[in-house]
Structure formats: C-alpha cells, structure tokens
Amino acid sequence: MDREEFLSVYRHSLAHILAKAVIEIFGKENVQYAIGPQINDGFYYDFVLPRTVTNEDFKTIEDKMSEIMKRKEDWTRKEVTREEALSIFSGQKFKTELINDLPVDELITVYYTGDDFVDLCRGPHIDNSSLLLSTAFQIKSVSGAYWRGDSERDQLQRIYVYAFPDKKALKEHLALVKEAMERDHKKLGKEMELFYFDETAPGMPYFLPRGWRLLNAILYFWRELHRKHGYQEISGPVLSKKDLWVTSGHWGHYKDNMFLVPMDRENVGDFEDNVYALKPMNCPNAIKVYQLKMRSYADLPLRFNTVDVVHRKEKSGELNGLFRVQMFRQDDSHNFVREDQIGDEIADIMSIANEIYGAFGLKCGMELSTRPDDYMGDLEVWNKAEAALKEILDKTQGAGNYEINEGDGAFYGPKIDLKMTDSLGREWQMGTIQLDFQLPLNFDMKYIDSDGKARRPVMIHRAILGSFERFIGIITENFKASFPYWVAPEQVAVVPIRPENNEYAQKLVDILDKQGVRVVSDMRDINMKEKIKEFKTMRIPYVAVVGNQEAENGTVSLNVRGSNKQLRDVTIEQFKALCCELQESHSIELKEEI
RNA sequence: GCUGGCGUAGCACAGUCGGUAGUGCGUCGCAUUGGUAGUGCGGAGGUCACCAGUUCGAUUCUGGUCGCCAGCUCCA
C-alpha cells in the first residue's frame with residue numbers, strides 16, 4: 001500500500017474509530033453522528049453530543065480510541081437495501097437524511113467495526129483494527145460546524161484529529177504546525193512593526209512606518225507597471241449618496257455589508273433614506289468617469305485603475321488580521337472594452353498578473369467560475385466570454401492545470417480567481433478578473449461604434465494582488481518577514497562602530513539616500529553589537545558596518561541577511577551598484593558576493 | 001452571526017482555592033566594553049479589557065459588553 005492509499009484508507013478508518021469511541025463514551029442513545037471525512041492532515045467527524053467536548057476530554061477520547069484498536073476487531077462490509085439502511089440507522093437523523101438523498105440506483109454499503117458499531121460508508125477500509133495500531137493520531141481541536149455547511153441548519157461539534165502513518169510523521173507535522181505559527185503575519189506584523197489593530201476600529205488596520213514603507217514600495221511598482229500597460233489612475237469619493245448604489249444594484253444586493261453615515265445628524269429622519277454609504281467597491285466611480293464624455297470605439301479599451309480605500313462591514317467572527325479586514329485598498333481597475341476586445345484584454349491582464357506574482361516569486365492557483373443558472377444577458381456573449389477565459393487559462397496555466405467551478409460565476413459574468421494559501425494552509429482569494437455585462441446596462445453606458453451606432457461596452461473588473469492588505473499578509477508569511485530587497489521597509493542599515501565614525505556613516509547614509517535607497521542608521525553611543533542585533537532582528541537586507549578602516553579606505557563592511565558571512569572591503573561604489581542592481585532586477589534573493 | 005477559547009507592564013508570559021500582583025525581554029539611568037546578534041548594577045512602568053452584581057473586600061466568583069484567536073458560514 002503506498003502512502004496515498006494509506007492516508008486515504010487509514011484516516012478514513014480512524015474516523016470510524018473516533019465515532020465508535022465517542023459513542024462508547026457518551027452512550028449510543030445520546031449521540032447523533034454525521035459525517036467523518038479525511039482532510040489534508042488527518043480527518044474530522046461531526047457529532048451532536050449531550051454536552052460540549054472540552055480539551056480535558058481529548059485524552060479520554062484518545063485513550064478510548066487506542067483501547068478500541070487493541071480489541072483487534074474485524075471490519076465487515078455489507079451491501080444493504082435502502083430499507084435495511086434506514087432501519088440500521090433509525091434514530092440517526094443525519095444518516096437518515098444522507099440515505100434518503102442517495103440516488104435510487106446507488107449501491108448502499110455499511111461497514112461494521114466489531115459487531116456493535118456500524119457506519120454508512122462507501123469504503124474501502126482496513127480489514128482489522130489491529131492494522132491501525134502502528135499509526136499515530138492526536139486530537140487537534142473541537143469546534144462548531146454547520147450540518148451540510150448551512151448556517152440555517154443544525155450546528156454540530158466537529159472533532160478534528162491529526163493522523164499520520166507513524167509517530168515520526170505526526171511529530172514532524174506538529175513541528176510544521178509550530179513553524180507555521182511562527183510565520184503568522186499577525187505575530188510577525190507586531191514584531192516587525194508593520195501594522196496594528198486598535199480595538200476602536202476593528203478590522204481597520206493602522207499601517208506603521210515600516211508597514212507603510214512596504215506598502216508604498218509595492219504600490220510604486222504596481223503603478224509603474226499599470227502605467228506602462230495603458231492604465232490611467234483615478235480616485236473617487238469614499239462616501240456617496242445612496243442613489244449611486246441603488247443604480248449600481250449594490251443597495252439591493254450588498255446593503256448589509258455597507259457602512260452607512262447619516263447625512264444630517266440633527267435630522268436623521270428615515271435613516272436609510274438620508275445616508276451616505278462608504279463605498280464597498282470602486283466600480284461606480286470608474287463608470288462615472290467613463291460617462292463624463294461620449295466615448296468612441298477607438299477610445300477603447302479604457303482602463304481606470306484605483307487604490308481608493310473601500311469599507312465592507314463583516315460579521316464579527318469573520319475578521320482575521322490583514323487577511324480579512326473591514327477597510328482596505330484593492331489594487332483595482334475597471335477596464336471598458338468592446339466585445340471583440342475581451343480576449344486580448346484578459347490576456348493583457350494575465351500578463352500583468354504574471355509580472356506581479358513573478359516579482360514576488362509567487363505562484364497562485366487559478367480558478368475559472370462559469371455561467372450560473374440565473375445568469376443575465378446574452379447566451380452567445382457568455383459563451384464567447386467563457387471561451388476567451390478558458391483559452392487564456394489553457395495558454396498560461398496549461399489545459400487542466402486550473403480548477404473550473406461550474407455555475408459559480410457572478411450573475412453578471414464569468415470570472416477567474418487567483419488564490420494563495422497562508423501559513424496554516426488556508427486558501428485566500430487574491431486577484432480576480434471578472435467580466436461584467438450588468439453594470440454597463442444598469443448605468444446605460446455607451447460608446448459610438450465605427451458605424452455611428454451606440455453600443456454598450458463590456459466592463460472588466462479586476463484586481464491582481466486582491467487587496468494590498470491581504471497581499472501583505474500573504475507575503476509576510478511567505479517570506480517570514482524577510483522581504484526581498486526591492487520591497488523591504490528598510491533596505492540598508494548603517495552602523496558606525498564608534499561615535500568618531502558617525503561622520504563617515506552619515507556620509508554613506510546621504511549617498512545611499514540620494515540614490516533612493518531606503519536607509520536607516522544608528523548613531524547612538526552604544527555598543528555596535530546592540531545596533532547590529534536590532535537591525536538584524538528587523539530583517540534588514542544589508543547592515544553596513546563602518547569603522548576607522550572603512551572611513552580610511554572609503555569602503556563598507558556588509559552583513560547579509562540570512563548569512564553569517566561578512567563582505568569586507570566593499571567600496572561605496574560597489575555597494576551602490578549592488579543596491580541598484582537588486583532594486584532594478586526585483587531579485588528575490590540577496591546578493592552575497594560582490 | 002454560530003461553537004469553543006482567550007484578554008494581567010511596550011512585548012512574551014507567571015500568579016492570586018477572594019485580602020489591589022510577579023519573571024524575562026524591552027525602556028530609562030550609571031558604569032564598563034568597543035570590529036560584527038555585548039556585560040554589570042540600579043530605577044521607572046500595571047485603576048489585572050470595560051460595565052454591573054455577589055461580598056466587609058473582586059484582578060480572582062457570577063452576568064453583560066467590547067476586542068482578539070481557531071473552526072463553521074460569508075468574502076479581496
């Protein structure tokens with residue numbers, strides 16, 4: 001049995017053992033057991049139990065599981081009729097529902113573990129519990145989960161368990177989890193003084209000087225790139241009267257996620273009729289700008305990018321560091337094209353995405369979401385749009401190298417989503433490329449075509465990073481806050497050995513600063529070791545130490561981040577060239593040699 | 001929003017079976033050191049998240065509020 005099979009069969013079998021253990025502990029009549037699938041680090045099982053499972057119960061459950069395995073019971077598979085299945089699981093509401101939902105012609109199988117525990121299951125499973133004795137497992141956590149992922153339905157207790165082939169693999173995995181915690185951007189953001197959340201503004205980050213420098217470095221790169229691709233940056237009001245959002249349709253679909261501000265505090269009246277809304281999206285602003293003039297077919301594509309702040313009110317439990325905030329800056333753009341330009345425009349957007357992700361050495365997953373049942377617009381245009389998106393994905397990702405979420409597109413158009421995973425393996429949507437046939441209609445947008453007739457442009461809503469906030473969260477975890485030279489909050493730190501070297505140190509700082517290097521220094525009369533420690537803690541790419549020797553020879557002595565090596569006798573000119581090269585090449589790695 | 005957990009000095013954490021709190025790092029001061037993640041001594045810093053209740057007395061117990069974390073749901 002290879003590892004893949006092992007994981008699949010053993011984890012699944014262990015899930016049955018967990019269910020059996022829980023039933024033995026709480027009593028069969030007190031337990032409703034639902035489903036227990038495997039996941040990437042083990043498995044979980046959902047239950048309704050007479051009381052909440054706490055951390056103190058973990059050991060009891062684990063011991064019971066071991067005890068059950070030691071019984072070395074045989075596992076037997078049995079094919080049953082629907083009636084038999086319903087009778088076996090009478091009183092088990094979730095199992096009953098599952099059985100009733102099975103297609104008529106489905107072969108129903110159940111698995112017995114010993115003769116007192118049975119579970120509805122397709123299998124396959126191990127033959128005897130003794131085969132599980134060599135595996136290693138550990139209860140990870142317990143939390144609430146909704147039956148069938150529906151927040152309107154029963155909430156169950158989900159017990160998560162790590163499960164691996166042996167103790168060594170489990171231990172390795174636990175070490176990995178610990179390592180992941182070290183990468184957590186919330187932790188690093190605090191240590192590295194990047195950002196801060198105050199409880200007076202939940203989900204609305206403060207960017208600290210270092211974090212803001214990082215954001216601006218990314219922003220500068222982003223702006224230049226878009227300018228070269230024919231984008232024109234705009235900025236619009238953060239607050240607008242409700243009317244704008246009624247026209248766009250957001251008032252109907254998105255009102256609950258919008259922060260509202262009374263227009264007149266003295267005379268609030270019917271609140272919702274007298275409010276400004278903080279914009280949750282930038283699209284209407286771009287449309288307003290488009291509509292300032294009558295546009296010609298020859299003007300298209302028109303690309304209005306923006307980094308305005310948007311606000312989205314989220315439910316309390318949904319906030320999560322920089323990954324999920326209530327105030328953020330999308331690296332947004334709304335591109336207006338003719339229908340015949342869709343393919344080329346998407347291709348250009350993908351090439352921008354490649355340039356941006358490439359600059360960070362990142363590779364994101366791509367997913368295509370296609371026409372939903374309640375689509376609006378012309379079927380032929382949809383087909384053309386989906387074909388265009390597919391063709392681009394086939395070309396850039398390779399056919400079959402991306403996921404397709406059938407029917408998952410927005411009602412106004414299909415989309416491509418770019419996804420990244422965080423240190424804990426959670427998937428986050430970053431960029432999105434959405435074709436939109438709806439808003440141009442809602443706002444009655446037009447351009448005059450070559451035949452003199454008015455036609456409606458197609459709108460492409462796109463973000464590549466997704467939002468600067470989420471993206472910074474992801475790269476913080478990815479680089480463990482050791483950012484590439486070109487985005488690092490500080491690129492060089494200058495450390496004079498003694499106060500008498502301050503003058504030379506300052507000269508060096510001025511030279512680098514003039515060249516645009518983000519440089520800091522520490523001229524205090526304290527031990528140089530302390531200064532070096534501080535700068536290294538902040539993961540500054542290069543710490544340049546200067547003493548009498550360097551001052552005499554016009555050189556610097558470099559400490560390279562991530563290496564204990566020192567580069568001595570580097571001339572200022574050489575160092576300048578090094579900085580320049582790293583900046584311009586957007587190199588991910590630092591140079592450790594001159 | 002739901003389930004569970006958490007909130008003690010700038011940070012990381014102890015602790016109080018109810019009698020107003022400690023350690024390490026950092027900070028400040030002094031001394032020392034001075035070529036690559038220093039050393040020694042001393043000082044300051046906390047209405048123990050907030051609001052009620054119980055009590056002679058609450059940081060500790062109870063209830064509520066706010067915030068944070070994990071998971072679910074929802075999203076960039």
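**Entry 1: the RNA side.** I began with the surface near RNA strand B in this predicted model, and I found that helix α16, residues 528-537, supplies the largest share of that surface with seven residues. I then listed the surroundings of RNA strand B as a whole, which come to 57 residues, with G144, G317, Q429, G466 and G547 as the closest. Sorting the residues of this surface by character, I noted 25 polar, 18 charged and 14 nonpolar.

**Entry 2: the chain as a whole.** I looked up the secondary structure of chain A and recorded 29 strands and 18 helices. The C-alpha trace of chain A spans about 85 × 75 × 55 Å along its principal axes, and of its 594 residues 36% are buried. For the contacts in chain A with a separation of 6 or more, I noted that 69% join residues 24 or more positions apart.

**Entry 3: domains.** I wrote down the division of chain A into domain 1 (3-182), domain 2 (192-236 + 280-479), domain 3 (239-278) and domain 4 (492-585). Between the C-alpha centres of domain 1 and domain 3 I noted a distance of 48 Å.

**Entry 4: T306.** I picked T306, which lies in strand β15, residues 302-306, and asked whether T306 is buried or exposed. T306 counts as buried because 22 other C-beta atoms lie within 10 Å, where 20 or more are required. Leaving aside residues up to four places away in sequence, I found that T306 touches E233, I234, S235, G236, N282 and D332. As a long-range check I took E84, which is 222 residues from T306 in sequence and 62 Å away in space, C-alpha to C-alpha.

**Entry 5: a five-stranded sheet.** I traced an open sheet of five strands with mixed pairing, in the order β26-β25-β27-β28-β29. The edges are β26 (519-521) and β29 (566-571), and each has a single partner strand, so one side of each is left without a neighbour in the sheet. From one strand to the next I noted a twist that averages 30 degrees.

Within this sheet I followed strand β25 (residues 492-496), which pairs with strand β27 (residues 542-546) in the parallel sense over five bridges; V495 stands opposite V545 in β27. Helix α15, residues 502-514, packs on the sheet and touches β25, β26, β27 and β28 (555-560), its direction making about 165 degrees with that of β25. I closed with helix α18, residues 572-585, which lies across β25, β28 and β29 and runs at about 110 degrees to β29.

Conventions:
Residues are numbered from 1 along each chain as its sequence is written. Chains are lettered from A and ligands numbered from 1 in the order in which they are written. This is a predicted model: local features need pLDDT of at least 70, side-chain atom pairs count only at pLDDT 80 or more; totals for chains, interfaces and linings use all residues. Helices (H or I, at least four residues) and strands (E, at least two) are DSSP runs, numbered from the N terminus. A residue is buried if 20 or more other C-beta atoms lie within 10 Å of its own, exposed if 12 or fewer, and partly exposed in between; C-beta atoms are placed from the backbone. Two residues are in contact if their C-beta atoms, placed from the backbone, lie within 7 Å. A residue is near a molecule or strand if its C-beta atom, placed from the backbone, lies within 6 Å of it. Ala, Val, Leu, Ile, Met, Phe, Trp, Tyr, Cys and Pro count as nonpolar, Asp, Glu, Lys and Arg as charged, and the others, Gly among them, as polar. Domain bounds come from an automatic or database domain assignment. Two strands pair if DSSP finds at least two bridges between them. Axes are lines fitted to C-alpha atoms, for helices over the stretch in contact, and angles run from 0 to 180 degrees between N-to-C directions.
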